[in-house]
Amino acid sequence: MSCYIAVVKNQALVPSDNPYDLPDEVLVGFACYDVASKGMFGAMGVKENYQRQGIGTALLLASLHAMKEEGYAYAVIGWVSSVDFYAHAVGATVIPDSEPGIFRGKLVTL
Ligand SMILES: CC(C)(COP(=O)(O)OP(=O)(O)OC[C@H]1O[C@@H](n2cnc3c(N)ncnc32)[C@H](O)[C@@H]1OP(=O)(O)O)[C@@H](O)C(=O)NCCC(=O)NCCS
């Protein structure tokens, strides 16, 4: 499993001599691959008030480039909320007859 994250740094930190005093980082997006199955991209998400700023595209591209470096010739996006986002960002196309995919049922906590 691999995951890229996007963070925003809190720039309000006052410099000090303590090496552990680094600016706080707030998670605003993530993109994973090789999670549900090898060669599959997903899931990904960008915090609502950070969407439409290119973060999703950057995370997607970082992940797909990493998958290529690892030897994958193709990547399958396991589930999408918007075909348009992936088509626009990387020219992804829908695999015919690929519904239902592998993401079926629910994992619940008791
Ligand atoms: C889908 C998602 C990851 C996109 O992240 P993002 O940071 O907003 O994407 P970008 O800013 O890089 O978008 C680039 C382009 O993709 C298109 N796009 C982005 N989100 C879209 C959506 N929901 N529907 C249609 N097109 C979309 C737009 O054309 C956008 O360009 P524009 O800003 O000029 O309109 C984000 O909307 C999200 O987290 N959604 C909820 C979770 C989810 O659906 N995850 C994916 C399935 S696991």
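## Aromatic cluster

Phe41, Phe85 and Tyr86 form one aromatic cluster. The model is predicted. The count of aromatic pairs comes to two. Phe41 and Tyr86 make an edge-to-face pair, with 6.4 Å from centre to centre and 70 degrees between the planes. This pair links distant parts of the chain. Phe41 sits in strand β3 (residues 40-46). Tyr86 sits in helix α2 (residues 83-90). The two residues are 45 residues apart.

Phe85 and Tyr86 also pair. Their ring centres are 4.9 Å apart and their planes stand at 75 degrees, so this pair is edge-to-face as well. An angle over 60 degrees is what counts as edge-to-face.

## Burial within the cluster

Which members of the cluster are buried, and which are partly exposed? Phe41 has a relative accessible area of 1%, so Phe41 is buried. Tyr86 is buried too, because its relative accessible area is 9%. The cut-off for buried is under 20%. Phe85 has 27% relative accessibility and therefore counts as partly exposed.

## Ser63 and its contacts

Phe41 also touches a residue outside the aromatic cluster: Ser63. Ser63 lies in helix α1, which covers residues 55-69. Its relative accessibility is 0%, so Ser63 counts as buried.

What does Ser63 contact beyond its neighbours within four places in sequence? The partners are Tyr4, Ala31, Tyr33 and Phe41. Phe41 thus appears in two settings: it contacts Ser63 of helix α1, and it pairs with Tyr86 of helix α2.

## Ligand site

How many residues surround the ligand? There are 18. The closest are Val46, Arg52, Gly56, Thr57 and Ser81. Val46 falls in strand β3 (residues 40-46), the strand that holds Phe41. Gly56 and Thr57 fall in helix α1 (residues 55-69), the helix that holds Ser63.

Oxygen atoms of the ligand lie close to polar atoms of Gln51, Gln53 and Gly54. For Gln51, an N or O atom in the side chain is 3.4 Å from a ligand oxygen. For Gln53, a backbone N or O atom lies 3.1 Å from a ligand oxygen. For Gly54, the backbone N or O atom is at 2.8 Å from a ligand oxygen. On its own, the ligand has 890 Å² of accessible area, and the protein covers 71% of that area.

## Overall architecture

The protein has two helices and four strands. Along the sequence, these follow the pattern β-β-β-α-β-α. How spread out is the protein? Its radius of gyration is 17 Å. The globule rule gives 13 Å for 110 residues. The value for the protein is well over that, so the protein is more spread out than a compact globule. The C-alpha trace spans about 60 × 40 × 30 Å along its principal axes.

## Packing and surface

Buried residues account for 20% of the 110 residues in the protein. Phe41, Tyr86 and Ser63 are among the buried residues. Of the contacts with a separation of 6 or more, 53% join residues 24 or more positions apart. The accessible surface comes to about 8700 Å². Carbon and sulfur atoms hold 55% of this surface.

Notes
Residues are numbered from 1 along each chain as its sequence is written. This is a predicted model: local features need pLDDT of at least 70, side-chain atom pairs count only at pLDDT 80 or more; totals for chains, interfaces and linings use all residues. Side-chain values use heavy atoms; hydrogens and water are left out. Buried means under 20% relative accessible area, exposed over 50%, partly exposed in between (1.4 Å probe, protein chains only). Contact means heavy atoms within 4.5 Å. Rings of Phe, Tyr and Trp (its six-membered ring) pair if their centres lie within 6.5 Å; planes under 30 degrees apart count as stacked, over 60 as edge-to-face and the rest as tilted. A residue is near a molecule or strand if one of its heavy atoms lies within 4 Å of it. A polar contact is a pair of N or O atoms within 3.5 Å; within protein, one must be able to donate a hydrogen and the other to accept it, and residues adjacent in sequence count only if both atoms are side-chain atoms. Accessible areas come from the Shrake-Rupley method with a 1.4 Å probe; for residues, only the protein chains shown count as cover. The radius of gyration is taken over C-alpha atoms; the globule rule is 2.2 Å times the number of residues to the power 0.38.
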